[in-house]
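Please find below my notes on this model, set out as numbered points. They are meant to be read with the sequence and the coordinates open alongside.

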Amino acid sequence: MSRLARIKLKIERAKYHISNLESRIEAFRQRKPYVVTVEDDKQYAFNAIITIRMIEQPPSELGLIAGDAIQNIRSSLDHLAWQLVEANGRTPTKYTEFPIQKSAPDDKRRFKRQVEGIHADAIDLIDRIQPHKCGVDTLSTLHDLNNFDKHRLLLVATFGRFLSMQVGRTTMTFSTAVGEDAFTKFLKWNRRGPEPFNSEAGVPFENDTITHTVLKPGDINAPLKLDDNFNFNFSIAFSKTQIVDGEPVVPLLKKLSQFVDGIVGQFSPFLA
């Protein structure tokens, strides 16, 4: 098996975990683990109050699988460093690893120990793709999530995104937006239709419930009711990491794996 193929095994394992995670999230979503109630606002006739309560939280194993994927993605880079040393006819040391520097280091000795034995041109490439030099923070995110998972369980939570309601024959879709208080909330409906807004993460559930007030469209005396084909579109996102909170788990993991796969491919000339 070629050196490149050995490294790619780690990335393929990460993709396996991501696919498994995606399937489990979809199964959780299909169970519709929520209850939605709609009632008129007793204080303001033109308002309706929507309450969504989660009756089941995402299984903790989802965080474990996400951590497995992250560990495999990160370790593929360390496998790359090891193979680069051996391909250069040198012997890896206990310090050999693929460095990820979020900011310019005051002391460069650690970087030199990590890449010792690697071909000079490959070291130059490693140096150029460091986050503090290339301006891309994807490796920084991977580094932080990997360190987090080493010491604490990665947590995931439910984040709401879109809510489809029906009044008479009119179907409305409420999307989510960040309010002035920086807390995500439902977008208010006006007589012209919903304001355009795209939200990747959506509404974080606090105490398993979110409650929001929306303006009624059309006849304010008509009660808001659920669409017969009602479906609350929620995502499973990272939570309480202070790194990527609110980021949907699967898209982010796919982005990290694809990014690292691309990095590994750049070093193929040095792995012959």
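1. Lys32 is a sensible place to begin: this residue lies in the loop between helix 1 (3-30) and strand 1, and its phi is near 50°, a positive value in a residue other than glycine. With a relative accessible area of 40%, Lys32 is partly exposed. Since the model is a predicted one, the backbone at this position deserves a look by eye.

2. A second lysine belongs beside that one. Lys240, in the loop between strand 12 (233-239) and helix 7, also has a positive phi, of about 60°, although it is not a glycine. Lys240 counts as exposed because its relative accessibility is 64%, and the cut-off for that class is over 50%.

3. As for the overall make-up, the secondary structure of the chain comes to seven helices and 12 strands. Of its 272 residues, 46% count as buried, while the chain exposes about 14600 Å², of which carbon and sulfur atoms supply 47%. Among contacts with a separation of 6 or more, 70% are accounted for by residues 24 or more positions apart.

4. Strand 1 (residues 34-40) pairs with strand 2 in the antiparallel sense over seven bridges, and the two form a hairpin with six residues between them. Within this pairing, Val38 stands opposite Ile50 in strand 2. Strand 2 (residues 47-54) is mostly covered, seven of its eight residues being buried. In a regular strand the side chains alternate between the two faces of the sheet.

5. Helix 7 (residues 249-266) has 18 residues and, at 1.5 Å a residue, should span 26 Å; its end C-alpha atoms are 26 Å apart, so the expected and modelled values agree. The buried residues of helix 7 include Val249, Val250, Leu252, Leu253, Leu256, Val260, Ile263 and Val264, and among them are also Ser257 and Asp261.

6. Asp261 reappears when the charged pairs are considered, of which the structure holds 13 as salt bridges. Glu12 forms one of these with Lys15, the closest N and O atoms being 3.7 Å apart; the two are separated by about one helical turn because they are three residues apart in helix 1. Glu12 is partly exposed, with a relative accessible area of 44%, and Lys15 counts as partly exposed at 30%. The side chains of Asp144 and Lys102 meet in another salt bridge, at 3.0 Å from N to O. Salt bridges that share partners join Lys8, Glu12, Lys15 and Asp261 into one network.

7. Which parts of the chain does the salt bridge between Glu61 and Arg24 bring together? The side chains of Glu61 and Arg24 meet at 2.6 Å, N to O, and the pair links distant parts of the chain, with Glu61 in helix 2 and Arg24 in helix 1, 37 residues apart. Glu61 is partly exposed at a relative accessible area of 33%, and Arg24 likewise counts as partly exposed, at 35%.

8. To return to the pair formed by Asp144 and Lys102, its side chains meet in a salt bridge of 3.0 Å, N to O. This pair, too, links distant parts of the chain: Asp144 is in helix 6, whereas Lys102 is in the loop between helix 2 and helix 3, 42 residues apart. Lys102 is partly exposed, with a relative accessible area of 44%.

9. Gln101 is found in the loop between helix 2 (61-87) and helix 3 (109-114). Is this glutamine buried or exposed? Gln101 is buried, with a relative accessible area of 12%, and, leaving aside its neighbours within four places in sequence, Gln101 is in contact with Phe111, Gln130, Pro131 and His132. Gln114, placed in helix 3, counts as buried at 6% relative accessibility; with neighbours within four places in sequence left aside, Gln114 is in contact with Tyr95, Thr96, Glu97 and Pro99.

10. Two further points concern the surface and a long-range approach. Leu64, Leu153 and Leu155 form a nonpolar patch on the surface, with about 250 Å² of accessible area together; Leu153, in the loop between helix 6 (138-151) and strand 3 (155-167), is partly exposed at a relative accessible area of 39%. Asp121, in helix 4 (residues 120-128), is partly exposed at 43%, and Asp121 and Phe267 are 146 residues apart in sequence and 9.9 Å apart in space, C-alpha to C-alpha.

Key. Residues numbered from 1 in each chain as written. Predicted model: local features only at pLDDT ≥ 70, side-chain atom pairs only at ≥ 80, totals over all residues. Heavy atoms only, no water. Helix = DSSP H or I, 4+ residues; strand = E, 2+ residues; numbered from the N terminus. Buried < 20%, exposed > 50% of the residue type's maximum accessible area, 1.4 Å probe, protein only. Contact = heavy atoms within 4.5 Å. Areas by Shrake-Rupley, 256 points an atom, 1.4 Å probe, with all protein chains shown as cover. Pairing = 2+ DSSP bridges. Expected span 1.5 Å × (residues − 1). Patch = residues over 30% accessible without salt bridge, like charges linked within 9 Å, V, L, I, M, F, W, Y side chains within 5 Å. Salt bridge = Lys/Arg side-chain N within 4 Å of Asp/Glu carboxyl O.
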